[in-house]
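Me: I have a chain on my screen and would like to talk it through with you. Could we go step by step?

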Amino acid sequence: MRAWFLACVAFAATGLSGCGYNSLQKQDEDVKAAWSEVTNQYQRRADLIPNLVKTVKGYANQEQQVLIGVTEARAKAAGSIQVTPELLNNPDAFAKFQAAQGALSASLKSLFAVAEAYPDLKSNENFRDLQVQLEGTENRITIARQRYIDTVRGFNTTVRSFPTNLTAKMFDFEVKPNFTVANEQAISAPPSVDFGSPEKPATK
């Protein structure tokens with residue numbers, strides 16, 4: 001009886017492996033790991049923003065609208081950084097997450113544009129350090145997003161391919177949402193934070 005049971009278990013394991021179950025499990029874990037890295041880099045950016053806003057406020061306190069905008073965008077984006085199975089399998093929630101991060105990127109661009117009008121701010125050591133850290137973080141975000149895109153593409157291909165699509169349906173493996181924009185390369189490019197020397201006024 002025991003031998004028969006072990007034979008059934010071995011047959012089931014072989015069958016699951018042959019129909020792509022193990023591959024689906026591995027790729028599902030790969031997607032989760034890639035997504036965790038994406039959110040980790042977004043969180044790193046969010047953690048830098050309070051100090052950036054504080055530094056800018058010390059030199060450009062009158063730019064309240066921009067300062068409030070980036071603070072609110074940061075709060076909304078940070079609130080959406082929760083790695084959950086629901087987010088990875090919910091296209092609507094994923095889209096809201098992406099929109100929140102996009103709004104924060106736009107707010108940061110506005111903040112850096114404001115800084116151009118304040119030479120003292122641009123020369124502040126703390127501001128320059130935050131600028132470098134944010135620039136590096138934006139580059140890491142781009143890399144992490146691309147890895148996630150590639151990982152999800154592989155998983156979704158497996159889920160849709162025969163015969164693993166039958167296994168995927170049986171065990172509720174569904175196609176996962178991905179970053180979708182009209183121009184992924186342009187959107188993924190880090191915001192410009194170049195604070196070169198101001199142009200010299202034209203001589204009469």
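Here is our chat about this predicted model, one question at a time.

Me: Happy to start broad: how many helices and strands does the chain have?
Reply: Reading from the N terminus, the elements run α-α-α-α-α-α-α-α-α. The count is therefore easy to give, as helices and strands are DSSP runs numbered from that end. The chain has nine helices and zero strands.

Me: What share of the residues counts as buried?
Reply: A residue is called buried when its relative accessible area is under 20%. The chain has 204 residues, and the share that counts as buried is 37%.

Me: And among contacts between residues at least 6 apart in sequence, what share joins residues at least 24 apart?
Reply: Contact here means heavy atoms within 4.5 Å. Among the contacts between residues at least 6 apart in sequence, the share that joins residues at least 24 apart is 80%.

Me: Let's turn to charges. Which residue meets Lys26 in a salt bridge?
Reply: Lys26 is exposed, because its relative accessibility is 53%. Its partner lies four residues away, about one turn of the helix, and both are in helix α2, residues 21–59. The partner is partly exposed at 31% relative accessibility. With an N to O distance of 3.0 Å, the residue that meets Lys26 is Asp30.

Me: Lys32 and Asp28 also meet in a salt bridge. Which of the two counts as buried?
Reply: The pair has an N to O distance of 3.5 Å, and both residues lie in helix α2, four residues apart. Lys32 has 35% relative accessibility, so Lys32 counts as partly exposed. The other partner has 8% relative accessibility, so the buried one is Asp28.

Me: Which residue of helix α3 is tied to Asp47 of helix α2?
Reply: The side chains of Asp47 and Arg74 meet in a salt bridge, 4.0 Å from N to O. Asp47 lies in α2 and Arg74 in α3 (residues 64–79), so the bridge ties together parts that are 27 residues apart in sequence. Asp47 is partly exposed at 46%, and Arg74 is partly exposed at 23%. The residue of α3 you asked for is Arg74.

Me: How many salt bridges does a search of the whole structure find?
Reply: Some salt bridges share partners, and these join Asp28, Glu29, Lys32 and Lys176 into one network. For the whole structure, the number of salt bridges found is eight.

Me: Now the packing. Are helix α5 and helix α7 roughly parallel or roughly antiparallel?
Reply: Helix α5 covers residues 91–115 and helix α7 covers residues 125–160; their axes are 13 Å apart, at an angle of about 150°. Angles over 145 degrees count as roughly antiparallel. The two helices are therefore roughly antiparallel.

Me: Is the crossing of α5 and α7 left-handed or right-handed, and what classes of residue make the contact?
Reply: The way α5 passes α7 is left-handed. From α5 come Phe94, Leu108, Phe112 and Ala115, and from α7 come Phe127, Leu134, Glu138 and Tyr148. By class, these are seven nonpolar, no polar and one charged.

Me: Is Thr158 of helix α7 buried or exposed?
Reply: Leaving out residues up to four places away in sequence, Thr158 touches Ser23, Leu24, Gln27, Thr164 and Asn165. The relative accessible area of Thr158 is 12%, so Thr158 is buried.

Me: Which residue is joined to Phe162 by a cis peptide bond?
Reply: The residue in question lies in the loop between α7 and α8 (164–170). Omega is about 5° for this cis bond, and the residue joined to Phe162 is Pro163.

Me: Which residue has a positive phi although it is not a glycine?
Reply: Look in the loop between α8 and α9 (184–188). The residue there is exposed, with a relative accessible area of 63%. Its phi is about 60°, and the residue is Asp172.

Me: Last one: what distance separates the C-alpha atoms of Glu63 and Leu111?
Reply: Glu63 sits in the loop between α2 and α3 and is partly exposed at 24% relative accessibility. Beyond its neighbours within four places in sequence, Glu63 is in contact with Val114 and Tyr118. Glu63 and Leu111 are 48 residues apart along the chain, and their C-alpha atoms are separated by 9.0 Å.

Methods
Residues numbered from 1 in each chain as written. Predicted model: local features only at pLDDT ≥ 70, side-chain atom pairs only at ≥ 80, totals over all residues. Heavy atoms only, no water. Buried < 20%, exposed > 50% of the residue type's maximum accessible area, 1.4 Å probe, protein only. Axes fitted to C-alpha atoms, helices over the stretch in contact; angles between N-to-C directions. Parallel < 35°, antiparallel > 145°, perpendicular 65-115°, else oblique. Left-handed = near helix turned anticlockwise from the far one by under 90°. Nonpolar A, V, L, I, M, F, W, Y, C, P; charged D, E, K, R; others polar.
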